[in-house]
Every structure is written in C-alpha cells, then in structure tokens.
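Me: Could you take a close look at the salt bridges in this one? I'd like to hear how the charged side chains pair up and where the partners sit.

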Amino acid sequence: MSIHPLPPPKPPTGLGRLPVARWFLAIGAVAGFAFAAGVVVTMTMIAHARALNPRPEVAAQLDRLNVALIVMFAVLAACGAGLAFVVRHAVLKPVARLTEQVRTVAAGDFDHRLGVDRPAELSELSSHVDSMRRRIVSAWREAADQADELRRSNGDLEQFAYVASHDLQEPLRKVASFTQMLEQRYGPQLDDRARQYIHYAVDGAKRMQLLINDLLDFSRVGRVNGGRAPTDSGQALGQALENLSAMIEDTGATVVHDDLPMVEGNRPQLTQLFQNLVENAVKFRSQEPPRVILTAERKGDMWEFSCSDNGIGVDPKYADRIFLIFQRLHPRDVYPGTGIGLALCRKIVEYHGGQLRLDDTPADQGATFRWTLPAAGDDA
C-alpha cells in the first residue's frame with residue numbers, strides 16, 4: 001500500500017549533523033594516531049636506554065620489558081581491530097539498514113516491513129516501531145473503508161434527496177388536490193364520516209410533504225448553500241424575525257436581543273437556526289404573552305449565544321431526547337410540527353464547530369438554549 005509520503009525530516013543541528021559512522025571513524029583515527037605515537041615513543045625510550053650500556057641484569061630486564069610492551073601493543077591493536085569490526089557489523093550496518101527501511105516507509109510504502117536482528121536493543125526498537133506501523137496501517141485501512149462507505153452513503157442520501165424533492169412530492173400533491181376536488185364536487189352527496197375521511201387523507205398528504213421538506217433541509221446542512229464566511233449574526237436574526245413576523249404579531253410576542261457579533265458561519269443556515277429557536281419559543285408559550293430574549297457572550301475563540309423564553313419549558317430529563325430527529329414531547333393536535341426543528345438546529349451548530357444544549361432549569365421557568373459559534377476574522 002502506497003500513500004502520500006511523509007514530510008521531510010527536521011534537519012539536524014550542531015554536532016548532530018555528523019553521522020554516527022563518521023564519529024566512529026574520527027575517534028578511531030585519533031585513537032590509532034595516539035597508539036602509534038605511544039609505540040614510537042616507547043621504542044625510542046628503550047633504544048636510548050640500551051645506548052647507555054646498562055649492566056647485564058638491567059639489559060635483561062629491558063629485553064623482557066620490550067617483549068611485554070610488544071605483546072601489549074599487539075593485544076591492543078587486535079582489540080582495536082576487533083572493536084572496529086564489531087561496531088561496523090553490529091551497530092553501523094544495522095543502523096544503516098534500519099534507516100533505509102524507515103526512509104522507504106516515509107516515502108509512502110507503508111507496507112514495507114521494519115526489522116533488524118542485531119544488536120538486541122536495536123532489534124527491540126525496530127520491533128516496536130514495526131508494530132506501530134502495522135497498527136497505523138490497519139487503522140488507516142479501516143478509516144479508508146469507512147470513508148468509502150460514507151461516500152456511498154452520502155451518494156445514496158443525495159439520490160434520496162433528489163427523489164424526495166421531485167418524484168415523491170408530485171404524487172402527494174396529486175393525492176391532496178384530487179381528494180379536495182372530490183370533496184368539492186361530491187360534497188353534498190357525502191356524509192360526515194366520508195368528509196372526515198377526506199380530511200384525514202388531505203391532512204396526511206400535507207404532513208408527508210412537510211416531513212419530506214424538513215428531511216431535505218436536514219440532509220442539506222453542510223452540503224449546500226456555500227461555505228462559511230464572516231457573517232453578521234444580527235442580520236441573520238433580523239431575517240429570521242422578518243420571516244416570523246406574522247406569527248409574532250398574531251401571538252403578541254416580544255423578542256429582545258443584544259447587539260449580536262460577527263461570527264464565522266453560513267448566513268442561510270444561521271438564519272434557519274435563529275428562526276427555528278424563536279419559532280419554538282413562541283409556539284410552546286404559556287398563558288402569558290411570549291417573551292424571547294437573545295444574548296451573546298464572548299468565551300475564548302467562540303461566542304456563546306442564548307435564547308430564553310417564558311414558555312412551558314422542557315423537563316430536564318428530556319434534555320437529550322428533544323434533539324433527536326422526529327422526536328416529539330407533545331401530541332400533534334396540541335403543538336403542530338414534525339419534531340425535526342431542534343435536531344436541525346444542533347446539526348447546524350455542530351457543522352459550524354459549536355455545541356447546542358438545553359440549560360438545566362425548572363420547566364415552569366421557561367427554556368433556555370445555549371450554543372456556541374466561532375468568532376470571525378481578527379476577533380477569533
């Protein structure tokens with residue numbers, strides 16, 4: 001398996017720029033020079049001692065000393081040669097081989113095996129590194145398979161979105177329109193039960209259309225409407241309030257908000273986020289006129305927004321369930337809707353790199369939702 005090569009290694013600095021083999025050669029050269037100089041000096045001193053015509057017993061001792069020094073120098077020379085052989089074949093060559101193997105892996109061939117058999121420490125190190133390589137390759141292949149599966153899943157989702165937006169909508173419109181035409185044309189001939197059945201059919205077709213549209217909106221988050229850019233969240237809220245103006249006027253709701261900041265986001269999706277939260281706050285109102293308060297507070301590189309209301313609130317034990325798609329806490333005939341609004345809000349916030357949560361407050365004190373969005377530009 002070959003993938004993109006790794007970036008080049010960081011260049012060594014200082015004395016680390018010299019390879020270990022050259023260190024051994026330099027030290028060996030110095031040791032050899034010192035050894036040769038020692039031999040020359042020793043032999044010169046012995047020659048000078050002989051030139052003094054010492055007594056016979058002293059001369060004999062000098063001969064024995066000369067032999068001992070020759071043997072010692074021979075042993076040291078043999079040890080030096082043996083050490084050079086061991087360093088070359090037990091250290092330098094395995095290091096060079098392991099280095100070449102690592103270069104091959106770093107070049108992109110992640111299936112290339114790492115391993116040297118000597119010395120013991122280097123063999124253990126290469127074994128651990130090769131084990132990590134195998135684990136990384138295994139995890140990479142698994143991630144690649146999951147990415148392929150995700151691409152196929154996204155392709156199926158896009159195909160479903162196309163079918164839902166074209167092929168499914170038209171039959172539903174026909175069912176609703178022709179059922180209504182049936183009631184208009186044959187209404188006088190129908191009894192109350194028949195008209196009730198027609199009402200159920202029309203209502204079911206319209207609810208199916210609404211569910212399909214909401215599901216399409218949910219699937220489009222992060223895939224359409226462009227990317228993220230510095231966006232005035234106040235303008236996004238203003239557009240959302242304009243879209244909800246009729247609902248706000250009919251219910252006598254009051255929406256109060258701070259001066260909202262610039263964030264890194266997608267304008268249409270942020271508008272949809274504010275619109276869903278304000279709409280929920282107004283829809284799930286109590287006996288008092290709805291009052292919605294929106295604020296923003298800077299926290300590090302993020303802005304934390306909040307949306308508070310004086311409505312019926314949410315029991316804290318349902319704090320996670322309300323963010324699941326198509327999950328409802330109330331009957332449809334009491335509070336209309338598909339149950340996808342908060343799931344869509346959470347997906348929009350997470351697409352922007354933030355988090356959406358429900359404050360842990362008593363249900364009789366309304367509900368407060370908090371979410372974070374990244375600050376824009378130089379403010380980040």
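Reply: The count comes to 9 salt bridges in this predicted model. Side chains of opposite charge can pair when their charged atoms come close. The part to zoom in on is a network of salt bridges that links Lys 299, Glu 304, Arg 357, Asp 359 and Arg 370.

Let's start with Glu 304. With a relative accessibility of 11%, Glu 304 counts as buried, because the cut-off for that is under 20%. One of its partners is Arg 357: the two side chains meet in a salt bridge, at 3.7 Å from N to O. Arg 357 belongs to strand β6 (residues 356-358) and Glu 304 to strand β5 (residues 302-309), so this pair ties together parts that lie 53 residues apart in sequence. As for Arg 357, its relative accessibility is 41%, so that side of the pair counts as partly exposed.

Glu 304 also forms a salt bridge with Arg 370, where the closest N and O atoms are 3.9 Å apart. Here Arg 370 comes from strand β7 (residues 368-374) while Glu 304 is in strand β5, so the parts tied together are 66 residues apart in sequence. Arg 370 has 24% relative accessibility and therefore counts as partly exposed. Put the two pairs side by side, and Glu 304 of β5 is bridged to Arg 357 of β6 as well as to Arg 370 of β7.

Now go back to Arg 357, since Glu 304 is not the end of its story. The side chains of Arg 357 and Asp 359 meet in a salt bridge too, at 2.8 Å from N to O. Asp 359 has 15% relative accessibility, so Asp 359 counts as buried. So partly exposed Arg 357 pairs with Glu 304, which counts as buried, and with Asp 359, buried as well.

If you want to trace this on screen, here's the route: begin at Arg 370 and step to Glu 304, carry on from Glu 304 to Arg 357, then finish at Asp 359. Lys 299 is part of the network too.

Terms used: Residues are numbered from 1 along each chain as its sequence is written. This is a predicted model: local features need pLDDT of at least 70, side-chain atom pairs count only at pLDDT 80 or more; totals for chains, interfaces and linings use all residues. Side-chain values use heavy atoms; hydrogens and water are left out. A salt bridge is a side-chain nitrogen of Lys or Arg within 4 Å of a carboxyl oxygen of Asp or Glu. Helices (H or I, at least four residues) and strands (E, at least two) are DSSP runs, numbered from the N terminus. Buried means under 20% relative accessible area, exposed over 50%, partly exposed in between (1.4 Å probe, protein chains only).
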